[in-house]
Amino acid sequence: MSVTHRYELTMEWTGNTGTGTSHYRGYSRDHVLGAPGKMVIAGSSDPAFRGDRGRWNPEELLVASLAQCHMLAYLHLCASAGVTVTAYTDAPTGTLTMDQTGDGGEVTEVTLRPSVQVTEQAMVDRALALHDDVPAVCFIARSVSFPVKHEPTVTVTVAGA
């Protein structure tokens, strides 16, 4: 028997500058995303597509979702494997490749660069290897058709630091 989870959001375009979408340059790409009980996320399009660079765009949110999912799955795997993680950061990147006309494109790759700290040197090899197990359990990575690469580093927490 399968179990399903449903995610309900709200999205509202807030970019009508008075003339709606009467022409391509005549409206803002601003919008807000929400969900019950959560803070609103201010969204727009990428600045290359007339968006507001101070707001999150869909491509950034996709990269963020993959990074979050990888981290959460990885921490679970570490806890189950007896690897004690004391810190985790990431500097993910995503690549959007436009087609010849410039009207269409797709995300073609995301690279995650997790930097992990563990409590013992004996955990380093296992901590690195567990990153390879994440794609099988990360729901978001399993849902995309482009490669999600990872370039992890693992160090040992310095005592007293």
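## Exercises: cysteines, core and strands

The sulfur of Cys78 lies 14 Å from the closest cysteine sulfur, the one in Cys138, and that is too far for a bond. Keep that in mind while working through this predicted model.

**Exercise 1.** Work out which cysteines form a disulfide and what becomes of Cys78.

*Solution.*
- Start with the count: the structure has one disulfide.
- Next, find the partners. Cys69 and Cys138 form the bond, with their sulfur atoms 2.4 Å apart, which fits the cut-off of within 2.5 Å.
- Now place them on the chain. Cys69 sits in helix H1, while Cys138 belongs to the loop between H2 and helix H3 (139–143). The two are 69 residues apart, so the pair links distant parts of the chain.
- Check their surroundings: Cys69 is buried at a relative accessible area of 12%, and Cys138 is buried too, at 1%.
- Finally, go back to Cys78. Its sulfur has no bonding partner because the closest cysteine sulfur, in Cys138, is 14 Å away. Cys78 still counts as buried, at 1% relative accessibility.

**Exercise 2.** Describe the largest nonpolar core and say which element gives the most to it.

*Solution.*
- Size comes first: this core holds 24 residues.
- Then look for the residues with the most contacts inside it, which are Tyr74, Val83, Val110 and Val118.
- Sort by element. Two or more residues each come from helix H1 (58–81), strand S6 (105–112), strand S7 (115–118) and helix H2 (124–130). H1 gives the most, with eight residues.
- Zoom in on Val83. Leaving out residues up to four places away in sequence, Val83 touches Cys78, Val118, Met123, Arg126, Ala127 and Leu130. So the unpaired cysteine from the previous exercise turns up again here, as a contact of Val83.
- For background, nonpolar side chains tend to be buried together in soluble globular proteins.

**Exercise 3.** Trace how strands S1, S2 and S3 pair, using His31 as a guide.

*Solution.*
- Take S1 (residues 10–13) and S2 (residues 31–34): they pair in the antiparallel sense over four bridges. In this pairing, Trp13 stands opposite His31 in S2.
- Move on to S3 (residues 41–43). S2 and S3 also run antiparallel, joined by three bridges, and His31 stands opposite Gly43 in S3.
- Put the two together: His31 has Trp13 opposite in one pairing and Gly43 opposite in the other.
- Last, the turn. The hairpin of S2 and S3 has six residues between the strands, and Gly37 takes a positive phi near 80 degrees there.

**Exercise 4.** Decide whether Glu106 is buried or exposed, and find what it touches.

*Solution.*
- Locate the residue: Glu106 is in strand S6.
- Glu106 counts as exposed because its relative accessibility is 53%, and the cut-off for exposed is over 50%.
- List the contacts beyond four places in sequence: Glu106 touches Thr95, Leu96 and Thr97.
- Add a distance: the C-alpha atoms of Glu106 and Thr95 are 8.4 Å apart, with their positions 11 residues apart along the chain.

**Exercise 5.** Compare the overall dimensions with those of a compact globule.

*Solution.*
- Lay out the elements: three helices and nine strands, in the order β-β-β-α-β-β-β-β-α-α-β-β from the N terminus.
- Compare the radius of gyration: 20 Å here, against near 15 Å for a compact globule of 161 residues.
- Add the spans, about 65 × 45 × 40 Å along the principal axes of the C-alpha trace.
- Finish with burial: buried residues make up 27% of the 161.

Note on methods: Residues are numbered from 1 along each chain as its sequence is written. This is a predicted model: local features need pLDDT of at least 70, side-chain atom pairs count only at pLDDT 80 or more; totals for chains, interfaces and linings use all residues. Side-chain values use heavy atoms; hydrogens and water are left out. A nonpolar core is a set of buried Ala, Val, Leu, Ile, Met, Phe, Trp, Tyr and Cys residues joined through side-chain atoms within 4.5 Å. Buried means under 20% relative accessible area, exposed over 50%, partly exposed in between (1.4 Å probe, protein chains only). Contact means heavy atoms within 4.5 Å. Two strands pair if DSSP finds at least two bridges between them. The radius of gyration is taken over C-alpha atoms; the globule rule is 2.2 Å times the number of residues to the power 0.38.
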